[in-house]
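Good morning, and thank you for joining this group meeting. Today I would like to speak about aromatic rings and how they are arranged. Please look at the structure as I proceed.

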Amino acid sequence: MKSHSLIFLAFLLWSTTPVFVRESGLPLANFVVCANAFGILLLCLFVPRMARRLRQLPPGKIALLGLFVAVNVWSSIEAFALTSISNFMILHYAAPVIVAVAAPFLLGEKPSARTWEALAVSMVGLLAVGGQGLRLGSENDLRGLGLALLSAFAYAVCIMLSRRLAREGADSFAVAVGSSLVLPLVVLPMVDWSAYTTRSATIACGAGAFHLSIASTIYLVGLAGVSAATAGILGYFEILFGIAWGSIIYGEPVTAWTFLGAVCIVVAGWLVLGEKTP
């Protein structure tokens, strides 16, 4: 139950990402570099012997995780730019299904019947939330769907790699730092340094503290106690929290379909709460 709560809290924190991005007003490359740099700096300052912890990690797995984190984030951003949010959501959040299918072969974790039930209920909730805005009418939509599918695959790989590292006892602080290095290095040439203001940089640094220093670390700690498939299902709460933030902060409407989807996601979360770790 403690592990489920940690992952739940991590997704609550991550769900504030659109709010931080919107309020900062920064180009995405600027936001990513500033947030990641500050989040990494905090962990290096407050966690003892970080260099030693990093040296103890398996370099191949960390490099691979960092690469897929970068692919997941950037393909998601590009998909958002090309197609509707609904199109993106429905394909991107197919990642837990990919995890459930692949985990028996890659992790030796066979999802229980209860897990499959939770996945089915989650998908119904996802369709209820996003189904009304599906759009398939242009070349950009097709390209966006392809990128959303790529992001789903990358997200699934991130879940499974993180779960493997957690099972192997890898240090959560070091994994959070090591896996966050690739993306800012890739986008660094795209940064417009003149776009930073004191306010925008402060907001981006706050995002780094919440999303990397805290959320990434507690997610990795939680993954030691739940299966990869369960972690994927709990990820649907990020949608629910995102809808709540949009409604509370920006007054975005919550429709009956959105409410139905939220109920389904809560039911799915309840279904996996009692699952025993393989």
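Let me begin with a definition: two rings of Phe, Tyr or Trp count as a pair if their centres lie within 6.5 Å, and planes over 60 degrees apart make the pair edge-to-face. Please note that the model is a predicted one. Under this rule, there are eleven aromatic pairs.

Consider one of them. The ring centres of F8 and F241 are 5.2 Å apart and the planes stand at 85 degrees, so this pair is edge-to-face. It connects distant parts of the chain, since F8 belongs to helix α1, residues 2-14, and F241 to helix α14, residues 237-250, with the two positions 233 residues apart. Are these two residues buried or exposed? F8 is partly exposed, at a relative accessible area of 32%, whereas F241 is buried, at 13%.

A second edge-to-face pair is formed by F11 and Y219, with 5.7 Å from centre to centre and 80 degrees between the planes. F11 lies in helix α1 and Y219 in helix α12, residues 198-223, so the pair ties together parts 208 residues apart in sequence. F11 is buried, with a relative accessible area of 2%, and Y219 is buried as well, with 7%.

Returning to F8, this residue forms one aromatic cluster with F237 and F241.

Finally, I turn to charges over rings. The charged end of R22 sits over the ring of Y250, 4.1 Å from the ring centre. Likewise, the charged end of R114 sits over the ring of W270, at 5.3 Å from its centre.

Notes. Residues are numbered from 1 along each chain as its sequence is written. This is a predicted model: local features need pLDDT of at least 70, side-chain atom pairs count only at pLDDT 80 or more; totals for chains, interfaces and linings use all residues. Side-chain values use heavy atoms; hydrogens and water are left out. Rings of Phe, Tyr and Trp (its six-membered ring) pair if their centres lie within 6.5 Å; planes under 30 degrees apart count as stacked, over 60 as edge-to-face and the rest as tilted. Helices (H or I, at least four residues) and strands (E, at least two) are DSSP runs, numbered from the N terminus. Buried means under 20% relative accessible area, exposed over 50%, partly exposed in between (1.4 Å probe, protein chains only). A charge sits over a ring if NZ of Lys or CZ of Arg is within 6 Å of the ring centre and within 35 degrees of the ring normal.
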